[in-house]
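Biologist: I'd like to walk through this one slowly, with plenty of questions. Could you pull it up for us?

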Amino acid sequence: MSHNHIQKIVIVGGGTAGWMAAAALAKFLSPVTKIELVESDQIGTVGVGEATIPQILRFNGMLGLDEADFMRECRATFKLGIEFNNWGHIGESYLHTFGHIGAPINHLDFHHYWLRARQEYDLKSNLWDYSIHHKAAYKNRFAHVPRVGNTSISGLSYAYHFNSGLYGQYLRRYAETLGVKRTEGKVNDVRLDPETGHIQSVTLESGAELSGDFFIDCSGFRALLIGQALGVKYLDWSQWLPMNRAFAVASEKDGPLLPYTKATAHDAGWQWRIPLQNRTGNGHVFASDFVEEDAARATLLDNLDAKPIGEPRLLKFTTGRRETFWHKNCLALGLSSGFMEPLESTSIHLIQANISKFIELFPNRAFSDANTQEYNRLIIKEFDLIRDFLILHYHRTDRTDTEFWNYVRTMDVPDSLKAKMDMFAETALIYKDPDDLFGQASWLQVMAGQGLVPQNFHARASLLGEAQLNELLGNVERIIDQAVEKVGSHQDYIDAYCSAAD
Ligand code: FAD
């Protein structure tokens, strides 16, 4: 064994981030590298984070988890997208689905043909009439459908809603089986090497000292290592993403099991509704500069579909990110690394993406700056691209009814976002940065859903004759309808595939 290998990693924190890190590191590095995780039962976890995006399938797949078993244990349901209500306009809704709209024709994105038919032939159909996700979601249907027959239309890509506490426990069992050592206790001191500034050890309240070669800060908003001990600055993005509070409460299961999250805009924020097998997760994310806490709490309770289970819990945060995510011998993961608010369920994705990049760029004890710099470059870019996508939801609105909506509608936004919106408005083109988590289909649905309708379409869409164009559009719609007819209800699918005993 090379003496230069990292011998031991200490993870501080046992929330979703901590246990995801422990499971992945154990799978790929144990037993060459020993993993120890310390968590404090007294402090507990943030207790939210129940909606994911399809990339979670990759993470679970990488660990080799059995989907039905994981879903049963975590009371998970399937998620085909997010329904946005009252965002662009009060009374309007759209679904940001995890799929494409139609399928490219002659290598040109489908929406250009749709735009042409609307502009030239007065086509009445909606963009989402060509989305299998949309049609399945609004009929409360789900099944594993990888492709639509033998066409080029992709099937149902999906993510999960799950109980985050149960997911943490599930990964804990997995990690402990692979040799991860768990220590319960509260870290109350961090010792740094006076010469290098690297972390040498963390000391627990009991006096026990845990030393390691590398430390992962999964301590949540406290950011014990990266922030408090190493002093890496936090970049505040409140000027673009002014949400800084959330009230969260579960409610009793009610009505049909929806295969999507709901995000309903309110006067100074929005409310999530996340359906699990046995209950519904709800929360009102709001900007305290624009609404009082008592009013925000009342809004949440007034807009629940069913009886709350317990009292709403208040969570406070500042949107933004760390200036760097890997500093010296410490990596920040999860909430200690930054938080951009839960609107598009990107936090858990960032945890998994960052763990994967860390494993790719895994250092040795020489701690080359090259690894650290490359990691930081990649993650900074990923955060910044997601930030733009989130700002879009607030900024592209016709709402003028409250101070909050007037602020976000008229605020200055990053040039990168402005360029993207301008290009789409003028040409219907969507430039995708290769590192952007959100692809063309996502940008299209959110820009169009928020009310940004392009003036033009690509010249290549005019290469088809009118009859051919109408036939093609009609065929896509028909094929999708037929495919959805073959899919049964989400609830029946869960019952047969992964229903939890309770
Ligand atoms: P935490 O869960 O806070 O865990 C921190 C851990 O550190 C705990 O184990 C704690 O005990 C430990 N700890 C802290 N201090 C000490 C100490 N001194 N000594 C020992 N241990 C210590 N993400 C999504 O992807 N989808 C969503 O739908 C979503 N919704 C969200 C809604 C809200 C309102 C918020 C605030 C976040 C949401 N997130 C969501 C983000 C998601 O919850 C987090 O990314 C995820 O839970 C990871 O949190 P964490 O593990 O970093 O922190």
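**A threonine and its contact**

Modeller: Sure, and let's start with a side chain: that of T97 reaches the backbone nitrogen of G99 at 3.2 Å. Keep in mind that this is a predicted model.

Biologist: Okay, is T97 buried or exposed?

Modeller: First, find its place, which is in strand β5, residues 93-97. A residue counts as buried under 20% relative accessible area. T97 has a relative accessible area of 1%, so the word for T97 is buried.

Biologist: There's T33 too. Which residue has its backbone oxygen 2.9 Å from a polar atom of the T33 side chain?

Modeller: T33 lies in the loop between α1 and β2 (34-39). At 2% relative accessibility, T33 counts as buried. The backbone oxygen found 2.9 Å from a polar atom of its side chain belongs to I6.

**Backbone oddities**

Biologist: Staying in that loop, which peptide bond is cis?

Modeller: Look at P31, whose place is in the loop between α1 and β2. The bond leading into P31 has omega near 10°. So the cis label, with that omega, goes to the peptide bond from S30 to P31.

Biologist: R75 and H107 caught my eye. Is R75 buried or exposed?

Modeller: R75 lies in the loop between α3 (67-73) and β3 (77-79). Its phi is near 55°, a positive value in a residue other than glycine. The relative accessible area of R75 is 17%, and the cut-off is under 20%, so R75 is buried.

Biologist: And H107, buried or exposed?

Modeller: H107 also has a positive phi, near 65°, and is a residue other than glycine. H107 lies in the loop between β5 and α4 (110-121). With a relative accessible area of 78%, H107 is exposed.

**Two hairpins**Biologist: On to the strands. Which residue in β9 stands opposite D189?

Modeller: Strand β8 (residues 187-192) and β9 pair in the antiparallel sense over five bridges. The two form a hairpin with six residues between them, and G197 in the turn has a positive phi of about 80°. Opposite D189, in β9, stands T203.

Biologist: What about the other partner of β9: which residue in β10 stands opposite S201?

Modeller: β9 and strand β10 (residues 209-211) pair in the antiparallel sense over three bridges. They make a hairpin as well, with four residues between them, and G207 in that turn has a positive phi of about 100°. The β10 residue standing opposite S201 is S211.

Biologist: How many residues of β9 are buried?

Modeller: Strand β9 covers residues 199-204, which is six residues, and is mostly covered. Counting the buried ones among those six gives five.

**A three-stranded sheet**

Biologist: Which residue is the bridge partner of G320 in β21?

Modeller: There's an open sheet of three strands in the order β12-β18-β21, with antiparallel pairing. Its edge strands, each pairing on one side only, are β12 (234-236) and β21 (338-339). Two bridges join strand β18 (residues 320-322) to β21. Across from G320, the bridge partner in β21 is F339.

**Around the ligand**

Biologist: Now the ligand. How much of its area does the protein bury?

Modeller: Start with the contacts: an oxygen atom of the ligand is 2.8 Å from a polar backbone atom of I348. Another such pair, at 2.9 Å, has an oxygen atom of the ligand and a polar backbone atom of L335. Taken alone the ligand exposes 1,000 Å², and the share of that buried by the protein is 97%.

Biologist: Which helix gives the largest share of the shell around the ligand?

Modeller: In total, 35 residues surround the ligand, and the closest are G14, A51, V187, L335 and I348. Both α1 (16-29) and α9 (347-360) supply at least two residues of that shell. The largest share, three residues, comes from α9.

Biologist: Last one: how many residues in the shell are charged?

Modeller: The shell draws at least three residues from each of domain 1 (2-50 + 163-237 + 320-367) and domain 3 (245-316). Sorted by class, 17 of the shell residues are nonpolar and 14 are polar, while the charged ones number four.

Conventions
Residues numbered from 1 in each chain as written. Predicted model: local features only at pLDDT ≥ 70, side-chain atom pairs only at ≥ 80, totals over all residues. Heavy atoms only, no water. Buried < 20%, exposed > 50% of the residue type's maximum accessible area, 1.4 Å probe, protein only. Pairing = 2+ DSSP bridges. Near = heavy atom within 4 Å. Polar contact = N/O pair within 3.5 Å; in protein donor to acceptor, adjacent residues only side chain to side chain. Areas by Shrake-Rupley, 256 points an atom, 1.4 Å probe, with all protein chains shown as cover. Nonpolar A, V, L, I, M, F, W, Y, C, P; charged D, E, K, R; others polar. Domains from an automatic or database assignment.
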